[in-house]
Each structure stands twice: as structure tokens, then as C-alpha cells.
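Subject: Model for you to look at

Hi,

Here is the structure I promised to pass on. Please have a look at it before reading my notes underneath.

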Amino acid sequence: MTSAAPAASAGDRWLRAIGYGLLAEIATILTIIGAVVVHRYVFKTGLSDAEYASFGAQAGAVLGVLAGTIFVYLFANLLMPRLAANHVAHGMVVAIGAIALSIGGSLAGHHGVPRAYILASLLKLAAGAFAGFRASPRRTAAV
């Protein structure tokens with residue numbers, strides 16, 4: 001006789017959602033770093049430090065918003081098969097985990113939160129909620 005694997009406790013699922021959010025933000029940070037490094041050492045060698053810093057700020061602003069949204073959606077999707085309920089809420093917790101790391105890093109690095117983080121945070125929440133909505137069981141009305 002085989003027994004089914006024990007279901008993860010509710011607390012474990014919420015912690016896992018936060019962890020996936022942190023991973024989404026780490027993936028975003030690595031994407032920005034990768035873009036800056038490739039720009040510096042492959043496409044635009046020989047620029048001044050000020051020009052590299054300017055590109056880094058622009059890349060961070062654009063990729064932070066776009067990649068952050070995409071990674072929250074992707075990591076929330078990875079979580080969804082492990083859930084039986086509360087998909088939208090878990091997706092939003094993934095986003096909250098990413099937002100917490102993003103804002104915490106901004107406060108530590110910039111000593112403030114740029115305005116673009118507001119848009120990025122809203123898009124992350126929408127991406128997490130959308131991933132949860134797509135994974136939610138659909139109920140069809142009886143005809």
C-alpha cells in the first residue's frame with residue numbers, strides 16, 4: 001500500500017510564495033547586472049565611467065520594471081501547481097516578496113525609493129494576481 005505525500009502546511013505554502021517572490025527579484029537584479037556587464041564589455045567598450053553609470057541607471061529603470069513584472073509572473077506560475085486554493089492571493093504574496101526586496105534594496109542603496117518603483121510594484125502585483133487568476137479552477141455555469 002502506498003501513501004500519498006503529505007500536503008504542505010498552509011504556512012509552508014505562504015513562505016514558499018514569499019521565497020518565490022524573493023527569487024523573482026533576484027532574477028531581476030541578475031538580469032540588470034547582466035545587461036550592464038554585456039553593454040560595458042561587449043557592445044560599448046571604452047566609454048567613461050560616467051557614461052557607464054548613466055547606462056546602468058537607465059537599464060535599471062527600464063529592466064527593473066519590465067523584468068521584475070515578467071519574473072514575478074513566471075515565478076508565481078511555478079508556484080501555482082503546488083496549490084489547491086487561494087491562487088490569486090498566493091500570486092500577490094509572490095509579488096509582495098519581490099516588492100519587499102526591491103524596496104529594501106532601494107532604501108539601502110539609494111536611501112530612498114524612486115518613482116519608477118511605484119509603477120514596478122503595481123505591475124508586479126498585477127502579474128502575481130494574473131498568474132493566480134489563470135491557475136484558479138474555472139467554474140462553468142450549468143446550462
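Below is what I found on the helices and their packing.

This is a predicted model, with local features needing pLDDT of at least 70 and side-chain atom pairs counting only at pLDDT 80 or more, while totals for chains, interfaces and linings use all residues. Residues are numbered from 1 along each chain as its sequence is written, and side-chain values use heavy atoms, leaving out hydrogens and water.

Helix H2 covers residues 49-79 and bends by about 35 degrees at Leu63 (the angle between axes fitted to the seven residues ending there and the seven starting there). Helices here are DSSP runs of H or I, at least four residues, numbered from the N terminus. Among the buried residues of H2 (under 20% relative accessible area, 1.4 Å probe, protein chains only) are Gly68, Thr69, Val72 and Ala76. Those four also meet H4, where their partners in the contact (heavy atoms within 4.5 Å) include Leu123 and Ala127.

The axes of H2 and H4 come within 8 Å and cross at roughly 25 degrees, which makes the two helices roughly parallel (angles under 35 degrees; over 145 is roughly antiparallel). Their contact has 11 nonpolar, 4 polar and 2 charged residues.

H3 (residues 87-110) and H4 (residues 116-135) have axes that come within 6 Å and cross at roughly 160 degrees, so H3 is roughly antiparallel to H4. Gly91 and Ala95 of H3 are among the residues making this contact, as are Gly128 and Gly132 of H4.

Enjoy exploring!

Definitions and conventions
Buried means under 20% relative accessible area, exposed over 50%, partly exposed in between (1.4 Å probe, protein chains only). Axes are lines fitted to C-alpha atoms, for helices over the stretch in contact, and angles run from 0 to 180 degrees between N-to-C directions. Angles under 35 degrees count as roughly parallel, over 145 as roughly antiparallel, 65 to 115 as roughly perpendicular and the rest as oblique. Ala, Val, Leu, Ile, Met, Phe, Trp, Tyr, Cys and Pro count as nonpolar, Asp, Glu, Lys and Arg as charged, and the others, Gly among them, as polar.
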